[in-house]
Amino acid sequence: MLDYDKQLQEPMDMPDPEFPIKVHTQRFNRAGVVLFPHHWHEHLEFIFIERGEAVFECGRTPITVRAGDLIAVNSNELHYGVSASSDLLYYAIIADTSLLHSAVSDAAETKFIAPIQQNQLLLRNHIRGDQHITNCVLTIIRELERCEFGYELAVKSELYRLLTLLLRRHIVTVLSQAEQARRIQTVERFAPVLRHIDTHYQEPLFVDDLAALTGLSRFHFSRLFKELTGHTVSEYVNAVRLDRADYMLRHTQLTVSEIAAATGFSDIYYFSRTFKKHKQRTPTSVRGF
């Protein structure tokens, strides 16, 4: 197991360690709210949109989703989410693939389960208009919520069925071991950089200093950073700062000028323009009081 930077890894406790799968119901009543910051985990995650709209990033790809859509988050894949409507409801199913392991290694495990866990098989992130998959996901959610007698059998069988449908219809990449190792190495190499940005966003941040954390030249660092996150360094830093500013606007009594300064913006007018451009609202309009 690679020693990833733990600051980016989301803790993933399970209600029942002997049956490691759970579902969260998430509701948000405002657009522009960060649903979860950039993070990764070894588990598979399936996010089903029941109502409203949101924007998710998986790897470097921004995805606009609406009711009925499913987001499949691969193991060890950086992901991030923000609400895009005032009435958002979604379910997040988080599953440890160890749930599907066999006592004795068989063809299903060696050909499919292990490659999914090792990122050699990558699922398409955005699934829309596949009713069979929707029915399968809703059955898993219902069984996990009700926990009726035998729900473990129902959930496990539906999870196998879900992965079968995804592999048959929505697989996007089959990686060789070398490709998979390079992909994981990139995540590992850049984890300290993302953590540094998350903890020092209020300070001046320079590409050369961030590149030094990886031992890469400025050119190669910038190229790999864009491949990993889908953003330039300045775009990513601004996004982190704006997310913090959004939270502070909603949950503190600091003035807009104070929040701009506290999140690394030295110019209040630039902060206001940038906030409105990215959040589609002015800073003053998102205040919670």
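Visitor: Hi! Is Cys147 buried, partly exposed or exposed?
Guide: Cys147 counts as partly exposed, at 42% relative accessibility. Buried means under 20% relative accessible area, exposed over 50%, and partly exposed in between (1.4 Å probe, protein chains only).

Visitor: What kind of model is this, and how are residues numbered?
Guide: This is a predicted model, where local features need pLDDT of at least 70, side-chain atom pairs count only at pLDDT 80 or more, and totals for chains, interfaces and linings use all residues. Residues are numbered from 1 along each chain as its sequence is written, and side-chain values use heavy atoms, with hydrogens and water left out.

Visitor: Back to Cys147. Where is it?
Guide: Cys147 is in the loop between helix 2 (131-146) and helix 3. Helices (H or I, at least four residues) and strands (E, at least two) are DSSP runs, numbered from the N terminus.

Visitor: What about the phi of Cys147?
Guide: Phi of Cys147 is positive, near 50 degrees, and this residue is not a glycine. Most residues other than glycine have a negative phi. Asn76 also isn't a glycine and has a positive phi, of about 60 degrees. Asn76 sits in the loop between strand 6 (70-73) and strand 7 (79-83), and counts as buried at 8% relative accessibility.

Visitor: New topic: how many disulfides are there?
Guide: The count is zero, where a disulfide is a pair of cysteine sulfur atoms within 2.5 Å.

Visitor: Why does Cys58 have no bond to the closest cysteine sulfur?
Guide: That closest sulfur, in Cys136, is 19 Å away, which is too far for a bond. For Cys136, the closest cysteine sulfur is in Cys147, at 17 Å, also too far. Cys58 is buried at 3% relative accessible area, and Cys136 is buried at 0%.

Visitor: And how many aromatic pairs?
Guide: There are eleven aromatic pairs. Rings of Phe, Tyr and Trp (its six-membered ring) pair if their centres lie within 6.5 Å; planes under 30 degrees apart count as stacked, over 60 as edge-to-face and the rest as tilted. One of the pairs is Phe19 with Tyr151, edge-to-face at 5.9 Å centre to centre and 85 degrees between the planes. Phe19 lies in the segment before strand 1 (21-28) and Tyr151 in helix 3 (residues 151-169), so this pair ties together parts 132 residues apart in sequence.

Visitor: Which residues do ring pairs link into a cluster?
Guide: Phe28, Phe36, Phe56 and Tyr90. Both Phe56 and Tyr90 are buried.
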